[in-house]
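Biologist: Before we discuss any particulars, could you put the model up, so that we can work through it by question and answer?

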Amino acid sequence: AFMALGAAKTSGVATIVLCTSGRAAAHFHPAVVEADHARVPLIVCTADRPPELRDTGAGQPIDQQHLYGGSVRWFCDPGVPEATADADQFWRATATRSVAEATDGHRPGPVHLNLPLREPLVPTGAPLVEAPGRADGAPWTTRVADQHDRAPAARRLISELVDRHERGVITIGWGCDSAPAVAQGLARIAGWPVFADPISGARLPGTIAHYEAALRDRTFAAAHQPTIVVQLGAPLTSKVTNAWLAGATEHVLVDPAGVWLDPRRAASHQLRSRPLDLVTALARPDTAWRAAWLGADRRVAAAFDAAFDAALDRPGPASSARVVREAWRAVPEHTLVHGASSMAVRDLEWFAAPRERIEVCSNRGTNGIDGAVATALGLGIGAEGLPVVALL
């Protein structure tokens, strides 16, 4: 299930994962939960015993109805397959809806199909029932979702807030739609510093990488408290930084799915918008405020360089921080880096300098440590030839 999760992350295609009945289905649950929170399209097909064998002591029966609770976008138990006149329509429609629900443009996620089967489970030699589809191979049902474009209203609000506040901070976390393009635009026109979590895919030149280390200087942190935070996607990984950001008087959440990613209940505005649509609204003249943050970022980077260079001359094993830093420097462009929870992804946040053409991925929907190796293998499947480096 975690391998399917990884494949779906990199391919963007709803990945199907199948299992037999009983405890096998329960083993999928952690990956289903992660797919729910991380908005990954996953179609989970669990075999089941037929209704007459449930709760009878037959082999491999557990209650699989709504096994994954509210974690799935859609649950369906279509019943035991039968060769009825409308079987082709029934199964094609079920398959179509499964893909549509899993790949919903606003909030993709997992779907659970629970499939009861009667014996004999092996081919009997009887001819297969014809199940013709639409002409020319067209989908059985085509779904068109009205986007309800709210970008103009959101842009007006953001522009008003930019005019009202001089000391703002923009954060980019995982789940930020089109994060690299957002970061490239903001690095050119934003007069506020951009704090980019590496797992957002937005830690590019011009963004602030060493924000937590800078905030460990309490004098600097107190003197550079923002009055507004614009959060694109999820909160940053850093607890220290998130606690400091909560001191702002206004906190704007921007998420294309309209999810309230606000664990500190600090939001004053919640915008269901694509972050890329709001980049131009965040434009303002370059200021001493942003220059102070860029200077602090350079000083921290230089201090890290000096500390790590000094460590090279000392005997003994390398720290995990140095391993992550050197690995980050060594991976070539057009590589996908998978950072495992809990410490590898935090070392990335601390020590990964801005780089272009590096994609970073992590299971941060629920921050679980399980499934890291399988997810990395799945990322390689879905990436179709893109090198994958797993930091565990």
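Modeller: This is a predicted model, and a good place to begin is Pro 120, which is placed in the loop between strand 4 and helix 5 (151–164).

Biologist: Which residue does a cis peptide bond join to Pro 120?

Modeller: The bond in question has an omega of about 5°, and its proline belongs to the loop that runs between strand 4 and helix 5. The residue joined to Pro 120 by this cis peptide bond is Glu 119.

Biologist: In which loop is Ser 342 found, given that the peptide bond from Ser 341 to Ser 342 is cis?

Modeller: For the bond from Ser 341 to Ser 342, omega is near 10°. As for its place in the chain, Ser 342 is found in the loop between strand 10 (335–339) and helix 12 (343–351).

Biologist: Is Ser 178 buried, partly exposed or exposed?

Modeller: Ser 178 lies in the loop between strand 5 (168–172) and helix 6 (179–189), and has a positive phi of about 55° although it is not a glycine. Buried would require under 20% relative accessible area and exposed over 50%. With a value of 29%, Ser 178 is therefore partly exposed.

Biologist: What is the relative accessible area of Arg 357?

Modeller: Arg 357 is placed in the loop between helix 12 and strand 11 (358–361), and although it is not a glycine, its phi is positive, at about 60°. Arg 357 counts as partly exposed, its relative accessible area being 44%.

Biologist: Which residues of helix 3 are buried, and what covers them?

Modeller: Helix 3 covers residues 29–38, and just after it Arg 39 takes a positive phi of about 60°. The cover over its buried residues includes helix 1 (2–11), strand 2 (42–48) and strand 4 (110–116). The buried residues themselves are Ala 31, Val 32, Glu 34, Ala 35, Asp 36 and Ala 38.

Biologist: Which element gives the largest share of the largest nonpolar core?

Modeller: In soluble globular proteins, nonpolar side chains tend to be buried together. Here the largest nonpolar core has 51 residues, of which Ile 172, Leu 186, Leu 232 and Trp 293 touch the most other members. The largest share of this core, seven residues, comes from helix 10.

Biologist: Leaving aside its neighbours within four places in sequence, which residues is Leu 186 in contact with, and how many residues form the other core, which includes Phe 2?

Modeller: Leu 186 is in contact with Ile 170, Ile 172, Val 194, Leu 232, Val 279 and Leu 282. Apart from the largest core lies another, with Phe 2, Val 44, Tyr 68 and Phe 75 among its members, and the number of its residues is 18.

Biologist: How are helix 10 and helix 11 oriented to each other: roughly parallel, roughly antiparallel, roughly perpendicular or oblique?

Modeller: Helix 10 (residues 288–311) and helix 11 (residues 320–330) pack with their axes 11 Å apart, at an angle of about 110°. Angles of 65 to 115 degrees count as roughly perpendicular. Helix 10 and helix 11 are therefore roughly perpendicular.

Biologist: Which residues make this contact between helix 10 and helix 11, and how do they divide by type?

Modeller: Helix 10 contributes Phe 304, Asp 305, Phe 308 and Ala 311, while helix 11 contributes Ala 321, Arg 322, Arg 325 and Arg 329. By type, the residues of this contact divide into four nonpolar, no polar and four charged.

Notes:
Residues are numbered from 1 along each chain as its sequence is written. This is a predicted model: local features need pLDDT of at least 70, side-chain atom pairs count only at pLDDT 80 or more; totals for chains, interfaces and linings use all residues. Side-chain values use heavy atoms; hydrogens and water are left out. Axes are lines fitted to C-alpha atoms, for helices over the stretch in contact, and angles run from 0 to 180 degrees between N-to-C directions. Helices (H or I, at least four residues) and strands (E, at least two) are DSSP runs, numbered from the N terminus. Angles under 35 degrees count as roughly parallel, over 145 as roughly antiparallel, 65 to 115 as roughly perpendicular and the rest as oblique. Contact means heavy atoms within 4.5 Å. Ala, Val, Leu, Ile, Met, Phe, Trp, Tyr, Cys and Pro count as nonpolar, Asp, Glu, Lys and Arg as charged, and the others, Gly among them, as polar. A nonpolar core is a set of buried Ala, Val, Leu, Ile, Met, Phe, Trp, Tyr and Cys residues joined through side-chain atoms within 4.5 Å. Buried means under 20% relative accessible area, exposed over 50%, partly exposed in between (1.4 Å probe, protein chains only).
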